[in-house]
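Visitor: Please take me through one part of this model closely. I would like to hear how far to trust it, and then how its pieces meet.

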Amino acid sequence: MRDFAPGRVVPGRPLLLVCSPRAGNSLTAAFAFAEARADGRAGKSGGKAKATASVSPSGGIPGAIRPVMLHDYDMYPCRDCGRCAQAGAAFPPDNPARLCPMATRDESAPLLAALLAAPWLAIFAPIYFYHLPARLKAMLDRCQLFYNAALQKRPFMLNLPKRRAYVVLAAARERGEQLFAGSLLSLKYALAPLNMELQDPLLLYGLEPKGDLAGRADLLERVRQYGRLARELEGTPPEPEAEDFYGEYDGREPA
Ligand SMILES: Cc1cc2nc3c(=O)[nH]c(=O)nc-3n(C[C@H](O)[C@H](O)[C@H](O)COP(=O)(O)O)c2cc1C
């Protein structure tokens, strides 16, 4: 049972997306991040009791962005029908995501529209078998729509400003060099057509039961630092990359 009211997407606002099906460590991270981003002083003094208490499900700090639960949005996977790859496809101007035939069957359209319009994005997700949970992977695969639109040089893609994407991933294992590798590659390359640049991610090891992070003042403080960084960087647009992204991306291999 949830004891908080999750947010709904608001186009044009920053998007904090919690990608676990349960109200667990990813959600705790999202609240800590949101609170620290809203109030740069949040949690600076540390200490377990204070750190735990200040992650409030109701979003206790004024101005804290309310995280959105990805699992509140039904989303079918991409079925590679090719519609978005057709040169003559008419992307609906109000919401290009509605071009996808699956968008009439599920709740993806507002979420994908919010991705298009968000000034920045923060993803909070658990690791499932060395990768992202299926719903999040479905969302990234549905971003194939944006990949094709960018290849076709659609104006709504070419005019996107450069944006930052923050990532916090939680896993149960205590160690593992490859634990997050596949997830980060997928996020990087799926979000790149949206002109979103993955920031250095925050990778959290050793979290398993859903209440683990709430009891880890050390890790919570790292999440808050990450939230404060997002706050500091707001208003300073990311540097445009010198390299031609699409040239690099053609083979879908990392550089
Ligand atoms: C289906 C499933 C697969 C998982 N696979 C892994 C894994 O490969 N490696 C790992 O370290 N933890 C794995 N976990 C554990 C979760 O990543 C861990 O419990 C995480 O803290 C959950 O975050 P949440 O509370 O936000 O859901 C898995 C959990 C589930 C339910």
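Guide: Start with residues 41-54, where pLDDT stays under 50. The model is a predicted one, and for this stretch it has 24 contacts beyond four places in sequence. A second stretch, residues 243-255, also stays under 50. There the model has 7 contacts beyond four places in sequence. Now take the whole protein chain. Its mean pLDDT is 87, and 84% of its residues reach 70 or more.

Next, look at two helices. Helix α1 covers residues 25-38, and helix α8 covers residues 217-233. Their axes come within 7 Å. They cross at roughly 45 degrees. An angle from 35 to 65 degrees counts as oblique, so α1 is oblique to α8. The crossing is right-handed.

Which residues of α1 and α8 make the contact? From α1 come Ala29, Ala32, Phe33, Ala34, Ala36 and Arg37. From α8 come Leu220, Val223, Arg224, Tyr226, Gly227, Arg228, Ala230 and Arg231. Sort the residues of this contact by type: 9 are nonpolar, 1 is polar and 4 are charged.

Last, turn to the ligand. It is surrounded by 18 residues. The closest are Ser20, Gly24, Ser26, Pro126 and Arg173. What types make up the shell around the ligand? It divides into 10 nonpolar, 4 polar and 4 charged residues.

How values were computed. Residues are numbered from 1 along each chain as its sequence is written. This is a predicted model: local features need pLDDT of at least 70, side-chain atom pairs count only at pLDDT 80 or more; totals for chains, interfaces and linings use all residues. A residue is near a molecule or strand if its C-beta atom, placed from the backbone, lies within 6 Å of it. Ala, Val, Leu, Ile, Met, Phe, Trp, Tyr, Cys and Pro count as nonpolar, Asp, Glu, Lys and Arg as charged, and the others, Gly among them, as polar. Axes are lines fitted to C-alpha atoms, for helices over the stretch in contact, and angles run from 0 to 180 degrees between N-to-C directions. Helices (H or I, at least four residues) and strands (E, at least two) are DSSP runs, numbered from the N terminus. Angles under 35 degrees count as roughly parallel, over 145 as roughly antiparallel, 65 to 115 as roughly perpendicular and the rest as oblique. A crossing is left-handed if the near helix is turned anticlockwise from the far one by less than a right angle, and right-handed if clockwise. Two residues are in contact if their C-beta atoms, placed from the backbone, lie within 7 Å. pLDDT is the predictor's confidence in each residue, from 0 to 100.
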